[in-house]
Structures are given as C-alpha cells and as structure tokens.
Amino acid sequence: MSLKDQIFFSSQTVGKQRIKRNLNKVVFCGLTFLILAAVGIPNLLAQTVFTEIRFEQQDFPKRAQYFLTGKVTHLETNENLAGVSVHIDGFFTGNNTDKNGQYILSLDSGRHRIVFRQFGKRPVHYLVQLYGDGILDVGLVNLDFELEAFTVEADERDRNIRSPITGVTKMDINDIKLVPAFMGEPDVFNVLQSMPGVTSVGEGSAGMNIRGGQADQNLIMMNETIVLSNSHALGFLSSFNGDALQNFTLYKGAVPSYFGGRSSSALNIEMRKGDKETWKGSGSLGTAVNKLLIEGPIVPEKTSMIFASRLSNANWLLDRANEVDVQNSKINFHDIYLGINHQFTEKNNLDFNLLNTGDFFRFSNQFGFDWNNLVGSLTSRNLLTDDLSLVGMVAYGSFNNTFFEPSEVDPSKIENGLYYFQGKITGLWTLDKVDINFGAEAIQYQMRPESLIALTSESGILPETIRKERGMEYAPFISADWNPTESLSFSGGIRYSNYIQQGPDSIFRYEEGVPNTRLSIIGVDFMESGKVVRYNGFEPRFSFRWTFDKVNSIKGGYSVMNQYLQTISNATGPTPIDLWQLSTTYIKPQRSHNASLGFFRNFKEDEWSTSLEGFYRTTANQLEYRDFADLFVNPHIETELIQGEGLAYGAELLIQKNSGGITGWLAYTFSRSLIRTTSEFPEIQVNQGNWFATNFDKPHNISLVTNFHIGRGRTFNTNVNFSSGRPVTGLSSNYVVGGIFVPNFGNRNEFRIPNYFRIDLSYLTNGFVRKWDDKINFSVYNLTGRRNAYSVFFQREGRTPRLVPYQISILGSAFPSFTYTVAFGK
Amino acid sequence: MIKNHHISIRFLLVFLLYLVLPVSCIDKLDFVGETKEGQLVIYGLFTDINERQVVNVSQTTATGLAPKGIPNAQVYLLNSREERVARYNSVGNGDYEIFGIKANEGERYAIEVTLGDNLYRSKLEKVPELQAEDQLSFDFVKEPFRTEAPESVFTVYSETMLPTTQDPIYLRWTVEETYIWPLVYLPGTGFPPPVPPPCFISDVIEPNRLNLFDGSGTSTRRTKLVLAKRKVDNSFLYPFFVSVKQLSINREAYEYWEKIKIVINNQGSLFDIPPAPVFGNIANVEDPNETVLGYFEVAKTKVTRIYTTRADVPFYLVDPCQFFPNKPDDSYASECKSCDARAQGRRWTNNAPDWWKFD
C-alpha cells in the first residue's frame, strides 16, 4: 500500500479561502531605505498574498501529525514541476517535488505557513490549518508574468539559517546579472566584491582578498577543477562567461575538507549544462565585449553541449583617449567555454568541461603581457545505491605567460608558466541523520622553464633559461554532516595534505649565520629525480549550527588549511601574470588557522536575511618579497623572499532583501590584515620585524546593491561601494647622492591612499523587436567619474627638486557600456 | 497592486538622490607623510683620474626640502688594508674634497667618517678594470619635452663600444654642460675700458636622469644611448660643450644605482616595483642598526666631450645682451652684467677650462 493510499481524503477545501493582503512596509536597511524614508516613499515593496486553507478530519480521533500531499504543476502548461522547494514556517524542509511534481509532508497539527518556490516562478504562499490529512495541488506561473515582484535567490532563502557551515556565499547567475559591472558583463568577482568580507587591491588588480587573505590564498575552481589564471583585462573581469555560468559558492569561513590547497577560502563556480531538448543560443554585441552562446542536444535527452565565447573589442575606446601612450596601447582578451554532458542512465552521467582564456595587453611601446590558460576536465557522477554516490574527476590545466619589453636597448621577453594534472574522487554516503563525504585528491604541478629571450634579431640579449620546480600535492579527506535534531547540526572533517617537491632541482647551499642572498651562496646540489623535500599536515575542519526559534541561528567554524602553491610578486598589487611558486626546501608551506562565529536571523518569511559574523585567522609562513626583489629568471628565488606570520580578523554585517519590488543587500565589513616577517636576520626584516598592514588591508568596506524590479523584465540596478584607502609606502624624507635628488621611502605600507568610493548602475530591459527574445543592458561603471586613487607616486613639481605626492587612478572617469543580446531558439 | 509608473517615479527620486550623494565624497588627494629628519647621508665618488675627489656628508630634512650639509665631520680615504691614506678637507655645505690622489685600477678603497662619537665606515670597493669607448653626437629637434607641446630640444647621444671580453661591465654616465657667456661690454673706467671676462657656466644636464648599462647579460658590444636632453635656450648662442663622464663601476654600485633609478622613476603604476628605502654600503661601526643613506663608489673613469655652436642650432635664438650704443646701462638685464646673476646658482668661473678648444 502506498503512502498516498493511506492518506485520508478530507473535504475539498473545507475551510474557506481568504486572501490576506499583507503590504510590506519594511524599510530597506541602510542608505537606500533612509533615502526612501526621507522622501516619504512608503509601500513600495510588493505584496505577499497568502491563501488560507483549512483541512479537518471529522471521523477519527485527533492525531498529533497529519500528512499533506499534492502535485505542483505549471499553471499555463500543466507540466509537472520537479524540484519545487517546499518551505514550512519559514524553513526549507529539504522537501522538493519529485519528477512527477509530487510532494508529501508530515506536519504537526495546527497552523503552518507553506510556501512553494522555484526559481523563475512566482512563489505561492499558503496559510494551512492542518487538522486532518490533506491534498493541496499547486500551480506556479513564470515570473515573467509578475510585474512588480521578484525573488532573488535560486537557492533557498533560508539557507543562511539552515546551512550548517558559516561563511558561505552562494549565488546564481540571475542574481549576478543584477549587479552592475564593468563593461556591462555579469561577473562573479564583481558581485563577490560587493559581498561582506571580499575586497580587492583596486581596479586593475587581479584576484580578490577574502577575509584579509592574499589573493593567492583563495582556491578558485570551475566545476571543482582548479583554475589558476582567472581574470581578464588586468583583473577588471573574471574569466568566467556569465552566459555559461550556473552559480557560485564561496566558502570563506570553515572550508569543507573536500577542498584544500589554499589557506583562506574556496570558490567553486558551477558552469551550466546544455539544454537536452532544444537547440538555442544567444548573441551579444557590446561596446567592449561580443559574445556567442549555443547550447542544445547532441543526442536528445542523452547528450547535450553548451558553447560560450567572449571576445573583447575595447581597442576603439583606447584610441579615443587623450594620452598618446594610451592610444598606442592595445588590449585583447577572449574566453571559450565548452561543456558536454552525457547521461548514460538516470544514475550515471559524464561531464566534459573545457575553458580557454587568453589576454594580450601592450602599454604603448613600453611593455606588455600575453597570457593564456587552458583547463579541461572529465567528471563522472555515479549513484551506486540510493545512499551512496561517487564522483570522479580528472583534469588538466595549463598556463602560459609572456612579459615583453619592446622598447629597451635590448628588446626582450620573459616566458614562464606551468601545467598540472588534477584527480579527485569524492563519495557521499547518506544515512538517516548523517551525510558522510570521503575521498582523495591529487595534483601534480610542473612549472615550465622560465626563459629570457631576445625579442628582435637586433637585440643583444643573451638567452637564458632556468628550470623550475615540480611537485605533487595529495590529500585523503573525510567529513560528516550530522543533524541530530532540527535545530542542531554539526559538520566535522579532516584532510591530511601531503606535498612532495620532486627533482630535478638545484638546491643552493648558503653560508650559515647570514641571510640567504645571492652573495651568500656557497654551493649547489643538483637532484635529478626523487624527493627533494616533503611537507604534510592534518587539516581539521569543524563547524556547527544551532537554530533556535526557527528564524535565528548561531553558526561557528574552525579550520586548518595548508598551502603549497603560492604566487610571488613585487608589483603594487596582484597581477594576472604573478609567478606561481611551489614550496621548496627554503619556501615553507603556509598553514592557517581559521575561526569564525556568526549570528543569523531572517525576517518576514525569509524576505529579509541578516547576518553578523566575526572571523580570526593566523597564517604561518606567509610570503612577502624583500625590498627590490628580482623575481624573473632567478634560479634562487628564495633570496628575494621572506616569510612571516599573517594575521587577519574582522566582522561582517549583511542585510539582504530577498523579494519584492526592491531587492538587494547592504554589506559592511570591518577587516584587518597584518603581517610581520620572522627572519632571524634583522637586515632582511621588513619594517624591522614589526606588524604592518598588508597592501590590501582596508578596514572599512561598505557596499549597497539595490535592484529595482520595474516589471516586464526590466530592472534598474545600482551598486555603491565605499572602502578605506589601502596602505602604500610613502615618502619619509629626501636626500642627494651624486647630484640626484632621491626620495627616501619610509616603512612598507606605512601610509594610506584616500578612501575609495564608486557608484555603478545598470538598466536591463527588453530589446527593440517584439518578436525576438532580445535584451538590452546599459550600464555605467563609476558613474560619478571619481578618480579613485590606486596608488601614490612622488614627482618633482616643475623644476624644483621638491617632491610632491600624486595619486594615480586606474579608471578616472565614468565608463558606460551598452550590450544588445538576442536569444534564438526556445 | 502598485502601478508601474508610480514605482518608476519613485525610482527616479531615489536615483537622483544617489547622484547628489557622491558630490561630497570626492576629495582631493592630501597625502603627506610624516617627515623623518636627521638621517645621515654620506656620498662619495673616488675615480682614477686627476680631479677633485669629493665626499658629501649631510642630514635629511623635512619632506621635499634639500638635505642639510654637515661641515664638521672628519673624512678619510682608506686603502685595502683599511689604513687612512688621505684626509678630505671640508669646503663647506657638507662637501669634503681631496686633490692629487686618484684610484688605482684593481685596488680597493673605503671611506671613514667620524661625526662626534660615531664612526662610520664604508665597505671596501674595488676599482673596475674595464672601460668602454663613447662616441658622442647630438641633435636639435622639436618634440614634447617637459610639456605635451613640442619644444626645441637638444639631445646628446653616445654610441658606446663595449670591450670584447666576456667579463661583466657596469656603466654609469653623468653629463655636464659648460657654455661661455660673454658679459655685455659697457663703457667704464680705464682706457680703453677692460673687456669684462666671459663667464664659463657649468651644470649637470638632467641631474635626475640615471644613465645605466648592464653589460653582463648581453652580447651587445655596440649600443646607442640617449644620455641627456635639455631645452634649447640662449645658452646655445655661443660655444656649448658637453662633457660626458663614463663611470665603470662594480656590480654592487650598479645595483645601488638601479634601486635609486627605481625609486626616482616610480610612477605608481600597477606593475611598478613598490618603492623602498635604498641602503648603501656605509654603516655605523658601533651601531649597525642605524640607517645610513648614501654610497661610496669607486670608478674607472673616462671623460669624452663634444661641442656645438650657434651654427648648429636650427632655431632662432634671441641675444638678450646685445649691445646698443645708446641703450642705458641700467636697462640691460643683470645676466648681461654679472656671471653670478646669469649662473643662478650654477657653477661658474671666468677662466676657460683647459679643454676649452674648438675649431
């Protein structure tokens, strides 16, 4: 007898239906809502309509629990909707409709607020008085028909309450598109930088700084495959095409044990699978970027593919600059994503993903960069039993970089790069109240030789090549998510990471009692093969959630993470071409201890989400460069580096409005990031071995993202950013040597540039042609044209030797962009 | 249901407020670091030619201001056995000099400076043995120089031949101009009134241009370099000499100057090497933690000269001191009557240098 058969059918909607109009008069937190209040704009938010239903049982003794079941269909097509989430009293219960659109719930008798949600559909709210088993069939409509209301999240809105891990940010492409971005391109990194705890050194610098961590301390993955080079246009854009992107998840608190290799955070970007039923696509023409997307079934219902590409066309913008050097500059980039998914059976499928990115940048005739990146992976997902699944993945990544100087006496270029093989197997064993993840991961890194090469036949540069390291990192891991009660959950795991640097390598020997410098080399040992050095360590991970009164929860976490691959750079900020460096005999692996604690509260049926989180991290062996480090074509790179202790701490506040006519969030972060070098030799200590701020230490960060849903698919979006100025090294005094007036710089990062402020806006609307599925994106980056300082330099004023400070702005004006997209096939 | 157009109007109001907000947020850069005063700076150059060998001892002052010379130090030249071989004489403004002593090729030298109770000593520096040959040339062109607009610019080039040996050679060049400036001949006492002696005015061209060449990583044996540029003015009315001093220095000195070049050329761009204090080869013997700025370098030196005359200048030059019989004496500019006024702080003399010879 099926469960459904056991359900006693009650009266057909015994209770009378009553529509309750509940106007939301909540004022959006932060600036927007202060403004709204000031101008007296009430009742702007959309209405939530509850349908009240009563189920009663007449003939049987009253029971403590009753069943509620039904089917969810599309109201217009009558199609059964699978995967519709059912929320009870503000909580996502974990119940989704099955492939036939059916659901079944066992609920305490009494009154319940029940909401059926699916992304892209208008949620339906019921107020159910359950005093007998009942059937509730539900019809959902597309949001396209909803003019004034919008639901932000694709994921569950109460995830921040229910999720067992602290410090997780998850978002899907539809939300990403609503955040105005540079060149009008929906961008993961841009969105993340508007979330609490995520900053960057500034415009034009690659990478993000998450909770006070260095850019290279973030593990960035595409479908769990490591992507080392992940930005375009000197860091203005990420390499991940928004058209092919499904969602991203950022773990900035307790990173689960199945991720490792970086000491700060993990960001996994899921790319979309192609449509298995129809061929469709879209083409975009923009002022700075052109795009093409094609997806469809290779074998209907079995094999699908998705192809997405982007190509820049920004050079005409450079041509219109006033500066001759800018006019003579050139910037090109592209990315191509190909995804193929094949479903063998309902329980077994295979994914192939390929990402190729390339960038070329030349500044006048002075210098330039050319780099490209290839990442390919094959992932097999297998459901072995109802409780056990296995995911196996093999991947290959390759990164090549060229830095060239065409105008020097001897034009030259430097080439370097690396390639790696990654393998990972992950099992998930689902028990009643415990989910167990287990598996192992291995990555083999091979740095490419670094070469100095003459750029022209006239150049007198003597070619030089140095061999770089290779190493293997591998780690078994296991973790368990345990939910003993509704209100408590624990997640614990451990990762045992191992790293072996393998030959061939030249290991320099240095004089004892003095710092390792070029001059203190006393010999060199060459190792053709085998182990050069080995490091390992246990990495415990733990987090908990305690949910009390259903809308409040406290979450905490602690994790230890080792890092064996890092970037080295002595540029002002991280750049896309920073050298990747494996741990060696002299460069010890980084090891961080991360702790975080947060309080989460939702309001108004999860329409509002709020959180307050604190974090504290220490990192051993954090890398810092020595003054005037010479990093290129250097066979003994350790002589240019120094290691130290990193310290980061702070607090994050997030207030998020998830639905209604206005959605968005206000994020405030207080964050400090400090470092001190720990060499035994004072002469190479940075700032005398005292704690000092890293060059991305920005204590105060505020961002306000507001999306105005005007209706008919139109949105007007704003993004306001404020942050403290970042530290820079400033002028301490002047002196004269040999008739040359020389600025004497003070301690590293002793001063700060002015605060950063920027407003972006975008307007997304339907296109001109009614018959087409066309969209227009008009956006303005840095609306006010504020010249935000990126860094400071000192220059003589006129003919006097007096040095005065000047600020440099990477983007000193408003940057408008326009993109027209036409979708074809449906 | 709220009407769409009502929402739009409200959106517009909110948007306008957004526009108003940033006006007060845009600030001018106001960034002045804390000044550190009193750091000791010692710079000395010891060459292998017969010339005035100079050491300068000074202290840093407030940001943007020139350092202050220290005249009361005792400065000695040390040989490779760290024996005092000569004492420098103070000539004011922190300058100390010796005559008649020059460096010997392959020898090592250091300096020792006593200041109060503190003793400062440089590392021993070896005089290089290699030297390159410079062949000088110049041109006059209109091009953007100090501003975006084209200006009349005088450029000095060197076609440099490096020795064919594979031994590393590190070069630095300084470029000095010397021009003659005749004072206006005004009627005075005596019969006939004596002709005022001309001024020979000397100055470093582009003092902040560091001309460096690293000959260690290249097979290039002949290279053409721009050594100096200056704006064309009435200094070119009369013969104008350019003296190029090629200093063959050792690797440590080259690295020091390379760092200096980085800090003086730092433009704050993303790819600039971040600036840092540049430490030299001089330290307090008793207190190695004391920061001593500057450097003592030794160099194998060669001076090459080239001159130009008014005939070479393709631009129209105005002589401000042209004599007119009826023009009152006091209507001539002071630079026409006084070398000091013309020199404006630059070095000058009434005696022609011994190399002042031209066709």
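Begin by selecting chain A of this predicted model, whose secondary structure comes to seven helices and 53 strands. If you colour chain A by burial, 48% of its 826 residues count as buried. Among the contacts in chain A with a separation of 6 or more, 66% are accounted for by residues 24 or more positions apart.

**Into a core of chain A**

Next, select Val188(A), Leu192(A), Met221(A), Met222(A), Val227(A), Leu267(A) and Ile269(A), which touch the most other members of the largest nonpolar core, a set of 85 residues. Where does this core lie with respect to domain 2 (164-269) and domain 3 (270-824) of chain A? It lies between them, because both domains give residues to it. Apart from this core there is another one of 72 residues, and to find it you can select Phe751(A), Tyr96(B), Tyr109(B) and Phe213(B), which are among its members.

Now return to Met222(A) and show what surrounds it, leaving aside its neighbours within four places in sequence. Met222(A) is then in contact with Val227(A), Phe240(A), Ile269(A) and Met271(A), and also with Asn353(A), Leu355(A) and Val375(A).

**Across to chain B**

Hide chain A and select chain B, which has three helices and 19 strands. Of the 359 residues of chain B, 31% count as buried, and 67% of its contacts with a separation of 6 or more are accounted for by residues 24 or more positions apart.

**A covered strand**

Select residues 240-249 of chain B, which make up strand β16, a strand that is mostly covered, since ten of its ten residues are buried. In a regular strand the side chains alternate between the two faces of the sheet. With the side chains shown, you can follow Phe240(B), Val242(B), Val244(B), Gln246(B) and Ser248(B) pointing one way from β16(B), while Phe241(B), Ser243(B), Lys245(B), Leu247(B) and Ile249(B) point the other way, and all of these are buried.

Which strands are joined to β16(B) by bridges? Add residues 170-181 of chain B, which form strand β12, and you will see a strand that runs antiparallel to β16(B) and is joined to it by ten bridges; within this pair, Thr174(B) stands opposite Lys245(B). Then add residues 292-308 of chain B, strand β18, which is joined to β16(B) by nine bridges and also runs antiparallel to it; here Gln246(B) stands opposite Lys302(B).

**An open sheet of three strands**

Move on to β10, β11 and β15 of chain B, three strands that form an open sheet in the order β10-β11-β15 with antiparallel pairing. The edge strands are β10 (133-144) and β15 (222-231), each of which pairs on one side only. Looking along the sheet, you can follow how neighbouring strands are turned against each other by 25° on average, with direction ignored.

Zoom in on β11, residues 150-161 of chain B, which is joined to β15(B) by nine bridges, and label Glu159(B), which stands opposite Lys224(B) in β15(B).

**A last stop in a loop**

Finish by selecting Gln344(B), which lies in the loop between α3 (339-343) and β19 (347-349) of chain B. Is Gln344(B) buried or exposed? Gln344(B) counts as exposed, because it has 10 C-beta neighbours inside 10 Å, and a residue is called exposed when that number is 12 or fewer. Select Ile201(B) as well, and the distance from its C-alpha to that of Gln344(B) is 9.8 Å, although these two residues are 143 residues apart in sequence.

How values were computed: Residues are numbered from 1 along each chain as its sequence is written. Chains are lettered from A and ligands numbered from 1 in the order in which they are written. This is a predicted model: local features need pLDDT of at least 70, side-chain atom pairs count only at pLDDT 80 or more; totals for chains, interfaces and linings use all residues. Helices (H or I, at least four residues) and strands (E, at least two) are DSSP runs, numbered from the N terminus. A residue is buried if 20 or more other C-beta atoms lie within 10 Å of its own, exposed if 12 or fewer, and partly exposed in between; C-beta atoms are placed from the backbone. Two residues are in contact if their C-beta atoms, placed from the backbone, lie within 7 Å. A nonpolar core is a set of buried Ala, Val, Leu, Ile, Met, Phe, Trp, Tyr and Cys residues joined through C-beta atoms within 7 Å. Domain bounds come from an automatic or database domain assignment. Two strands pair if DSSP finds at least two bridges between them. Axes are lines fitted to C-alpha atoms, for helices over the stretch in contact, and angles run from 0 to 180 degrees between N-to-C directions.
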